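Visitor: I'm new here and would like a tour. Could you take me through this one step by step?

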Amino acid sequence: MSERVTVIIRGLEVFGPHGVHAAEQQLGQRFVVDLELELLDCPGVASDELAGTVDYATLADQVAAIVAGPPRQLLEHVAGRIADRALAEPRAHRVRVELSKPQVALPQSLEATAVRIERVRESTYWLGLGSNLGDRLANLQGLVDALRDGGVRVEALSPVYDTAPQQITDQPAFLNAVARVRTELVPRELLAVAKRAERRLGRTGAGVRFGPRPADCDILFWEGGVWHDAALEIPHPRLTERRFVLVPLLDVGAGLVHPDGRALAACAAALDPDQQPVRPWPEGALG
């Protein structure tokens, strides 16, 4: 089951000093805020705990403080500041803010003037890329290209590494790399893009787990911290056990810290390079 939860604050009235005219800033007037905040997830639906959602009272207080001052000229600017505050909520994904001015100092007869602004939070993810069948380097590049075609912005690519297979050792060596990407997609949506990229490169889902494959695209890490549902776990559950993941990951995320407090650089240093050899691949790079 998939669900989307939206927190709504409607009809928040605040007296504020905003307007283009000096008198509006000096005397102030009434403003009305309507806000809809779509959440990435909402554990509070099941847990009935405030920590699993957004504290409406705190959010309303801080939105009211923005409207109450200091003075600004434009409704657009004030609405943007409200949107920024709403998207600062850890579980926030998308926000829509409508800010209206019911008492308009205009010669025309109007019920109100208002602006509406919508914003979507972008997130940074780190994706593990792998291949050990066919033209391995071309397959990795194909994954990168497919991610871009899926609307994902690729910010950085690690060097390519030749790595020894782990769980099933009787198979060809892998090429591995990590892509740091930025996107408006939520984790489950990015997972769908990653799986489509794999299928485009010929992976069918058949075969032995941990066995040979032309393309592998895993979500390793997310700036949002932890994600867990039936289809996806972030950080990747075996992230800290795999040098072939950690070495390229640290190339494009040197300071990353696991949500449990461990520095990923320390996790990599604790793994035996003789048991998990990871060698730079000098015959090509991703672009």
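Visitor: Let's begin with a strand pair. Which residue stands opposite Glu38 in E3?
Guide: Keep in mind that this is a predicted model. Strand E2 covers residues 29-39 and strand E3 covers residues 92-101, and the two pair in the antiparallel sense. Across from Glu38, on the E3 side, sits Arg94.

Visitor: What about Asp34, which residue in E3 is its bridge partner?
Guide: E2 and E3 are joined over 8 bridges. For Asp34, the partner in E3 is Glu98.

Visitor: And which residue in E4 stands opposite Val97?
Guide: Here we look at another pairing, that of E3 with E4, which is antiparallel over 8 bridges. Facing Val97 from E4 is Ile117.

Visitor: So what is the order of the strands in this open sheet?
Guide: The sheet is an open one with 4 strands and antiparallel pairing. Strand E1 (6-16) and strand E4 (113-120) have a single partner strand each, so they stand at the edges, with one side of each lacking a neighbour in the sheet. From one strand to the next, the twist averages 15°. Read across, the order is E1-E2-E3-E4.

Visitor: How many of the residues of E3 are buried?
Guide: To count as buried, a residue needs a relative accessible area under 20%. E3 is largely enclosed by the rest of the structure, because the buried residues number 7 of the 10.

Visitor: Which strands does helix H4 touch?
Guide: Let's take the helices on this sheet in turn. Helix H3 (residues 56-68) lies across E1 and E2, at about 35° to E1. Helix H4 (residues 75-87) also packs on the sheet, and its direction makes about 150° with that of E3. The strands H4 touches are E2, E3 and E4.

Visitor: How do H3 and H4 run relative to each other, roughly parallel or roughly antiparallel?
Guide: Their axes come within 10 Å and cross at roughly 155°. Angles over 145 degrees count as roughly antiparallel. The pair is therefore roughly antiparallel.

Visitor: How many nonpolar residues are in the contact of H3 with H4?
Guide: On the H3 side are Thr58, Leu59, Gln62, Val63, Ile66 and Val67, and they meet Val78, Arg81, Ile82, Arg85 and Ala86 in H4. Sorted by class, the contact has 2 polar and 2 charged residues, and the nonpolar ones number 7.

Visitor: Now to another helix pair. How many charged residues does the contact of H5 with H6 have?
Guide: Helix H5 (residues 136-149) and helix H6 (residues 187-200) have axes that come within 9 Å and cross at roughly 135°. That angle makes H5 oblique to H6. Leu143, Asp145, Ala146, Leu147 and Asp149 in H5 meet Val193, Ala197, Glu198 and Arg200 in H6. By class there are 5 nonpolar residues, no polar ones, and the charged count is 4.

Visitor: Last stop, Trp222: is it buried or exposed?
Guide: Trp222 belongs to strand E9 (residues 216-222). Setting aside neighbours within four places in sequence, its contacts include Leu40, Tyr125, Trp126, Pro187 and Trp227. With a relative accessible area of 4%, Trp222 is buried.

Visitor: How far apart in space are Trp222 and Val14?
Guide: In sequence, these two are 208 residues apart. From C-alpha to C-alpha, the separation in space is 37 Å.

Methods. Residues are numbered from 1 along each chain as its sequence is written. This is a predicted model: local features need pLDDT of at least 70, side-chain atom pairs count only at pLDDT 80 or more; totals for chains, interfaces and linings use all residues. Side-chain values use heavy atoms; hydrogens and water are left out. Two strands pair if DSSP finds at least two bridges between them. Axes are lines fitted to C-alpha atoms, for helices over the stretch in contact, and angles run from 0 to 180 degrees between N-to-C directions. Contact means heavy atoms within 4.5 Å. Angles under 35 degrees count as roughly parallel, over 145 as roughly antiparallel, 65 to 115 as roughly perpendicular and the rest as oblique. Ala, Val, Leu, Ile, Met, Phe, Trp, Tyr, Cys and Pro count as nonpolar, Asp, Glu, Lys and Arg as charged, and the others, Gly among them, as polar. Buried means under 20% relative accessible area, exposed over 50%, partly exposed in between (1.4 Å probe, protein chains only).
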